[in-house]
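Hi everyone, thanks for coming. I'd like to walk you through one structure today, starting with its pockets and finishing with a few backbone oddities. Have a look at the screen first.

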Amino acid sequence: MKKRPIVILGAMDVEINYLIDTIGPCRKEEIGMWRFYEGNIGDWPAVVVETLMGSVNAAVPTAFAIQKYDPICLITQGTAGAHHVDIHSRDIVIGETVAQSDFRETGTRPEGGGSDVSKWQYPGSEFLEEGRHVMRTRLRSDPSLVRLAQNVPYKNGHLVTGIIASGDMWNREADVIHEYRQRFGSECEEMESFAVLQVAKAFGVPALAIRIISNNELIPGEEYDRDIGVLGQQYVLDVARAIIEEHKK
């Protein structure tokens, strides 16, 4: 019987290049503007997907990957910005929960009245579940995958299990970051994980969100470092190996 692959998704070159080198030699396929790299992790098939940045860019190739490869699971991973001072560059957040942070409704204010982020509401995305229309702001990674990831050692920083805020916005304003932290309880933010988990939920595929912290706007000196992405990919590969071993049992 043909083995079903594990699929790992990342938006930028600094989030996937190490993965591609490790699973290679690869067969590359392009569907539209998205690239799929087919290789192996040990004796198990693996596919790395270059999603490009943003939620729409993440959702489309996720659907393609599910339909084309019938994977055992999905891992959405990459870099993220921290949401409080106790999370630092090189720390890794296992996204037990992912909160959609950019589908929002503002408060009513007159022209010239400015903006008040504390009045924003987050109704969530629409899902069709058993014939009912449901709005969801939060999605959970597969609990069994979360437990496996928690048991994988990581030596380059702290390993944190928590909430990832996900949406098409790069926040650099401290007040907005604090508002998100208060609203969602988030450890960090990025742009793709909610979209991946949304599509995975629609198709019934287990999915896991993992992010390595590349910057913390609240701490001077912890500016964005693109080279940190390699450390995250190394950990994700270790998680993928643990998932594969569990799947073999």
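Before the tour, a word on the labels: when I say helix or strand, I mean a DSSP run, with at least four residues for a helix and at least two for a strand, numbered from the N terminus. Please also keep in mind that this is a predicted model.

Let's begin with the pockets. The largest one has a volume of about 330 Å³. Which residues lie nearest its centre? They are Met12, Thr79, Trp170, Glu190 and Met191, out of a lining of 22 residues. Three strands each put at least two residues into that lining: E5, covering 73-82, E11, covering 188-190, and E12, covering 207-215. Strand E5 makes the largest contribution, with four residues. If you sort the lining by class, you get ten nonpolar residues, six polar ones and six charged ones.

Now for the second largest pocket, whose volume is about 220 Å³. Its lining includes Lys2, Lys3 and Arg4 from the start of the numbering, and also Glu38, Lys68 and Asp70. Pro5, Gly39, Pro45, Ala46, Val47 and Tyr69 are lining residues of this pocket as well. The elements giving two or more residues here are strand E3 (34-41), strand E4 (44-50) and helix H2 (55-69). Which of them has the largest share? That is E4, with three residues. By class, this lining divides into six charged, five nonpolar and one polar.

On to charges, then. How many salt bridges does a search of the whole structure find? The count is 21, and I'll pick out a few.

Arg27 is a good place to start. Its side chain meets that of Glu29 in a salt bridge, at 3.2 Å from N to O. Arg27 also meets Glu38, this time at 3.1 Å from N to O. That second pair links distant parts of the chain, with Glu38 in strand E3 and Arg27 in strand E2 (residues 27-31), eleven residues apart. Buried or exposed, where does Glu29 fall? Glu29 has a relative accessible area of 19%, so with the cut-off for buried at under 20%, Glu29 counts as buried. Arg27, at 48%, is partly exposed.

Another pair to look at is Arg181 with Glu187, where the closest N and O atoms are 3.6 Å apart. Arg181 is partly exposed, at 28% relative accessibility, while Glu187 is buried, at 12%. There is also a network of salt bridges, which links Lys3, Asp43, Glu245 and Lys248. You may remember Lys3 from the lining of the second largest pocket.

Next, the nonpolar cores. The largest has 34 residues, and the ones touching the most other members are Ile6, Ile41, Ile75, Tyr235, Val239 and Ile243. Helix H6, residues 229-248, provides the largest share of this core, eight residues. To get a feel for the packing, click on Ile75. Setting aside its neighbours within four places in sequence, Ile75 is in contact with Ile6, Val7, Ile8 and Leu9, with Leu208 and Ile210, and with Val236, Val239, Ala240 and Ile243. A second, separate core has 31 residues, among them Val47, Ala80, Ala195 and Ala207. Val47 is another residue you have met already, in the lining of the second largest pocket.

Finally, the backbone oddities. Why stop at these spots? Because most residues other than glycine have a negative phi, and most peptide bonds are trans.

The peptide bond joining Gly24 and Pro25 is cis, with omega at about 0°. Pro25 sits in the loop between helix H1 (13-23) and E2.

Asp70, back from the second pocket's lining, has a positive phi, near 50°. Its place is the loop between H2 and E5, and Asp70 is partly exposed, with a relative accessible area of 45%.

Glu130 is not a glycine either, yet its phi is positive, at about 55°. You'll find Glu130 in the loop between strand E7 (125-129) and strand E8 (132-136). At 81% relative accessibility, Glu130 counts as exposed.

That's the tour, and thanks for listening!

How values were computed. Residues are numbered from 1 along each chain as its sequence is written. This is a predicted model: local features need pLDDT of at least 70, side-chain atom pairs count only at pLDDT 80 or more; totals for chains, interfaces and linings use all residues. Side-chain values use heavy atoms; hydrogens and water are left out. On a 1 Å grid over the protein atoms alone, a cavity is a set of points where a 1.4 Å probe fits but cannot get out, and a pocket is an open set with protein on both sides within 12 Å along at least five of seven lines; lining residues have an atom within 4 Å of a point. Grid points are joined across faces, edges and corners, and a volume is the space filled by probe spheres set on the points. Ala, Val, Leu, Ile, Met, Phe, Trp, Tyr, Cys and Pro count as nonpolar, Asp, Glu, Lys and Arg as charged, and the others, Gly among them, as polar. A salt bridge is a side-chain nitrogen of Lys or Arg within 4 Å of a carboxyl oxygen of Asp or Glu. Buried means under 20% relative accessible area, exposed over 50%, partly exposed in between (1.4 Å probe, protein chains only). A nonpolar core is a set of buried Ala, Val, Leu, Ile, Met, Phe, Trp, Tyr and Cys residues joined through side-chain atoms within 4.5 Å. Contact means heavy atoms within 4.5 Å.
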